[in-house]
There are 2 protein chains.
Amino acid sequence: MKKINRGVSMKKHDQDFMRQQNKITVYELIKNDSPISRASIAKKTGMSPTTVSRIVGELTNQGYVAEFEQISSGLGRKATMLGLKGNSVLSVGVEIDKHRISLGVVDVNGAVMVSKVHHRIPEESVEMTLSTIVRMLQETVESEGLDSSRIAGIGVGLPGIVDNENGQVVFSVQLGWRNVDIAQRLKALTGYEVAVDNELKVKALAEHVRGAAAGSKRTALLGFGTGVGSALIIEGEIYRGESNSAGEIGHTTIDPNGAMCECGKAGCLQTYIITSALLLEANKIRKVDTLEELFEARRSKEMWAVQLIERALTYIAITVNNVLCVYNPDIVILSGELIENFPEIRQEIEDLCFNRFVWEPLRDSFSLQYTALGEDGVMIGSALLAQTRFFSLE
Amino acid sequence: MKKINRGVSMKKHDQDFMRQQNKITVYELIKNDSPISRASIAKKTGMSPTTVSRIVGELTNQGYVAEFEQISSGLGRKATMLGLKGNSVLSVGVEIDKHRISLGVVDVNGAVMVSKVHHRIPEESVEMTLSTIVRMLQETVESEGLDSSRIAGIGVGLPGIVDNENGQVVFSVQLGWRNVDIAQRLKALTGYEVAVDNELKVKALAEHVRGAAAGSKRTALLGFGTGVGSALIIEGEIYRGESNSAGEIGHTTIDPNGAMCECGKAGCLQTYIITSALLLEANKIRKVDTLEELFEARRSKEMWAVQLIERALTYIAITVNNVLCVYNPDIVILSGELIENFPEIRQEIEDLCFNRFVWEPLRDSFSLQYTALGEDGVMIGSALLAQTRFFSLE
């Protein structure tokens with residue numbers, strides 16, 4: 001059990017934290033209200049002109065912000081206004097999945113300038129994966145003629161438990177990795193700062209910034225595929241919890257007498273819906289190698305396949321309800337292989353949710369959506385994460 | 001389904017919100033770092049001296065902050081320092097439960113100066129409950145000789161779904177209330193500003209401010225009794241979600257084929273553990289009127305009672321796991337009738353959690369605790385909520 005550090009002053013009162021918050025506030029103001037003057041920033045935030053000038057200076061030096069002259073309509077005087085430098089600052093987003101590596105260059109608005117996908121062998125070593133990433137990065141920079149000094153850093157998103165503060169993969173069942181110092185190793189190979197996070201957390205961030213959840217204050221994203229998980233974005237920030245494990249719904253217990261889960265417990269949610277569990281059940285009837293074959297059997301009205309998928313859809317609707325009850329988000333985004341590759345189930349899930357499984361007082365409290373960024377979400381979110389992290393490194 | 005208001009600028013960039021945040025920042029600094037000078041506040045926060053002076057002026061006028069002279073050790077000059085006025089500002093906390101009403105006067109540190117408890121008849125009208133509260137308040141003010149102008153406002157905590165922004169009880173199964181304008185009515189009767197919230201949310205706040213969760217950054221409080229629910233405090237603030245329903249775990253679905261819940265769904269978590277559900281099951285065997293009788297039967301090793309409570313404890317441990325997986329808190333506080341009146345189950349719950357139901361990667365990530373404030377938690381938390389709300393009204 002963990003010991004609580006009692007009496008420690010809260011993060012909120014910490015001076016470094018205040019400086020950091022002030023910098024982010026100024027950055028966000030310039031991003032959203034540009035063109036804007038230093039005086040106007042001071043007025044809107046209550047900060048002193050000295051503080052504003054210091055922060056704007058830092059942002060200008062880092063290449064985020066540019067000055068330009070604006071003729072004031074009233075007096076004909078020139079005023080110095082501030083705006084973001086747009087795509088003068090870029091970052092690289094990388095998604096590492098079991099079967100593929102995606103890499104893209106992304107601007108401050110989350111727009112993808114260029115991207116590449118590379119096939120990945122599930123059993124390949126960490127070295128192999130990292131050297132593939134380095135090669136993809138070099139090729140991209142060269143083929144696009146990018147100024148590599150404009151790249152703020154690299155963000156990596158992958159399935160599993162990630163220690164985002166130290167840039168370590170604690171454990172990834174899908175990749176077969178445990179305690180991999182990925183940020184440090186990739187930084188050593190490329191020279192760039194590297195941020196690492198769980199794929200669903202960055203995917204949710206991307207959908208919040210420029211996807212299905214733009215304008216949402218509390219976004220919950222659910223992923224159904226080789227794993228089951230969720231992520232919560234509160235007012236634009238990833239909610240991580242104590243050990244970056246918030247949202248690990250795959251191991252919420254549904255039935256203490258249920259099937260064994262790979263984690264050693266019985267009846268975890270994921271035993272009802274992840275790809276490997278569905279295929280394991282299907283293979284009790286006959287040889288089935290892929291989800292596509294399972295859905296083919298269902299389309300042919302093979303009763304076992306109909307029932308197996310019906311049960312999975314039931315548990316997807318239950319998951320939507322359970323996440324609503326705990327997070328009470330304004331939007332729920334469904335994502336993952338099961339949702340994205342088999343759109344035929346969407347209407348059924350919606351019917352199960354709104355007619356049956358969602359608790360009545362919450363039925364009007366949210367909007368059910370699907371990812372707008374599709375397969376690019378993790379890559380974009382990872383790149384945005386890198387921008388935020390680099391930004392905070394000063 | 002809800003429509004998302006796209007493109008709306010985030011709360012963070014809102015000027016009123018900035019002013020509010022700045023005021024809270026200054027207040028918190030004075031509270032935690034007093035004695036502190038205006039210049040030091042400006043330096044620590046990056047705010048302009050004008051902003052600091054305006055906020056300190058407001059806080060002084062509202063009676064939260066006082067000035068005093070301090071001889072500076074270095075120069076012998078007198079410096080004007082700021083500190084909180086301590087118990088010069090008070091608030092009233094009220095807990096309305098099915099069978100009792102508690103009312104107390106609480107200072108800015110959450111200390112209870114005086115409190116009263118009144119028996120409540122479950123079927124009594126809203127009018128009756130409100131007039132009891134008014135009478136208790138008058139008696140308290142008179143008997144203690146309190147200056148009523150020092151009372152910042154009233155906070156009310158109760159079980160159910162509460163629209164905290166409008167001060168309305170949307171629905172309370174335990175009280176039998178639906179759409180009750182409690183803040184407005186109590187304000188009309190007393191003249192004080194009134195804040196209303198769900199009992200578990202304010203209880204968690206109280207435990208965070210001066211109870212078992214002092215120093216915690218992410219506190220999850222669970223309540224097991226006439227209802228089942230949870231509350232999450234993130235960095236000192238109640239996490240409410242879109243409609244103040246975050247944490248309503250009682251209606252998370254555990255088993256789609258389970259027992260019917262009063263909400264109209266089958267297999268909700270609460271059907272396994274709330275008092276009425278346990279008594280309903282017990283009465284299938286023999287007449288049992290109270291939890292005490294059920295536990296008596298268990299102590300006498302009546303097999304049905306042993307099994308019924310064993311199942312309940314299993315689902316309590318499952319709840320701890322499920323809340324850990326979604327919120328990833330640093331502390332989990334167990335509370336409610338079942339936990340507080342039957343401490344004999346605590347060790348069993350801990351064993352079930354740590355040996356069996358808590359997902360292995362999270363076992364060392366949190367501390368399992370019990371409420372430190374006991375029955376006073378809701379009252380204290382409601383009073384603290386009123387202080388915060390009053391504070392934000394300017």
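Visitor: Before we start, what is a cavity here, and how many of 30 Å³ or more does the structure hold?
Guide: A cavity is a set of points where a 1.4 Å probe fits but cannot get out. The model we are looking at is a predicted one. Counting the cavities of 30 Å³ or more, the structure holds 3.

Visitor: How much space lies in the largest cavity?
Guide: Let's look at the walls before the volume. The lining of the largest cavity consists of 20 residues. The space they enclose comes to about 220 Å³.

Visitor: Which residues lie nearest the centre of the largest cavity?
Guide: Both chains have a part in this lining, since α10 (303–327) of chain A and α10 (303–327) of chain B each supply at least two residues. Nearest the centre lie Thr252(A), Asn322(A), Val326(A), Thr252(B) and Asn322(B).

Visitor: How many charged residues does the lining of the largest cavity have?
Guide: Sort the lining by class and you find 12 nonpolar residues and 8 polar ones. For charged residues, the answer is none: there are no charged residues in the lining.

Visitor: Why is α2(A) called oblique to α3(A)?
Guide: Two packed helices are described by the angle between their axes and the distance between the axes. Helix α2 (residues 38–45) of chain A packs on helix α3 (residues 49–61) of chain A with the axes 9 Å apart and an angle of about 120 degrees. That angle makes α2(A) oblique to α3(A).

Visitor: Which residues make the contact of α2(A) with α3(A), and how do they divide by class?
Guide: From α2(A) come Arg38(A), Ile41(A) and Ala42(A), while α3(A) brings Val52(A), Ser53(A) and Val56(A). By class, these residues of the contact are 4 nonpolar, 1 polar and 1 charged.

Visitor: In chain B, is the crossing of α2(B) and α3(B) left-handed or right-handed?
Guide: Helix α2 (residues 38–45) of chain B and helix α3 (residues 49–61) of chain B have axes that come within 9 Å and cross at roughly 120 degrees. The two helices are therefore oblique to each other. In their contact, Arg38(B), Ile41(B) and Ala42(B) of α2(B) meet Val52(B), Ser53(B) and Val56(B) of α3(B). As for the hand, the crossing is right-handed.

Visitor: Which residues is Leu189(A) in contact with, leaving aside its neighbours within four places in sequence?
Guide: You will find Leu189(A) in helix α5 (residues 182–190) of chain A. Its C-alpha atom is separated by 34 Å from that of Cys263(A), 74 residues apart along the chain. Once those sequence neighbours are left aside, the contacts of Leu189(A) are Leu130(A) and Val134(A).

Definitions and conventions:
Residues are numbered from 1 along each chain as its sequence is written. Chains are lettered from A and ligands numbered from 1 in the order in which they are written. This is a predicted model: local features need pLDDT of at least 70, side-chain atom pairs count only at pLDDT 80 or more; totals for chains, interfaces and linings use all residues. Side-chain values use heavy atoms; hydrogens and water are left out. Axes are lines fitted to C-alpha atoms, for helices over the stretch in contact, and angles run from 0 to 180 degrees between N-to-C directions. Helices (H or I, at least four residues) and strands (E, at least two) are DSSP runs, numbered from the N terminus. Angles under 35 degrees count as roughly parallel, over 145 as roughly antiparallel, 65 to 115 as roughly perpendicular and the rest as oblique. Contact means heavy atoms within 4.5 Å. Ala, Val, Leu, Ile, Met, Phe, Trp, Tyr, Cys and Pro count as nonpolar, Asp, Glu, Lys and Arg as charged, and the others, Gly among them, as polar. On a 1 Å grid over the protein atoms alone, a cavity is a set of points where a 1.4 Å probe fits but cannot get out, and a pocket is an open set with protein on both sides within 12 Å along at least five of seven lines; lining residues have an atom within 4 Å of a point. Grid points are joined across faces, edges and corners, and a volume is the space filled by probe spheres set on the points. A crossing is left-handed if the near helix is turned anticlockwise from the far one by less than a right angle, and right-handed if clockwise.
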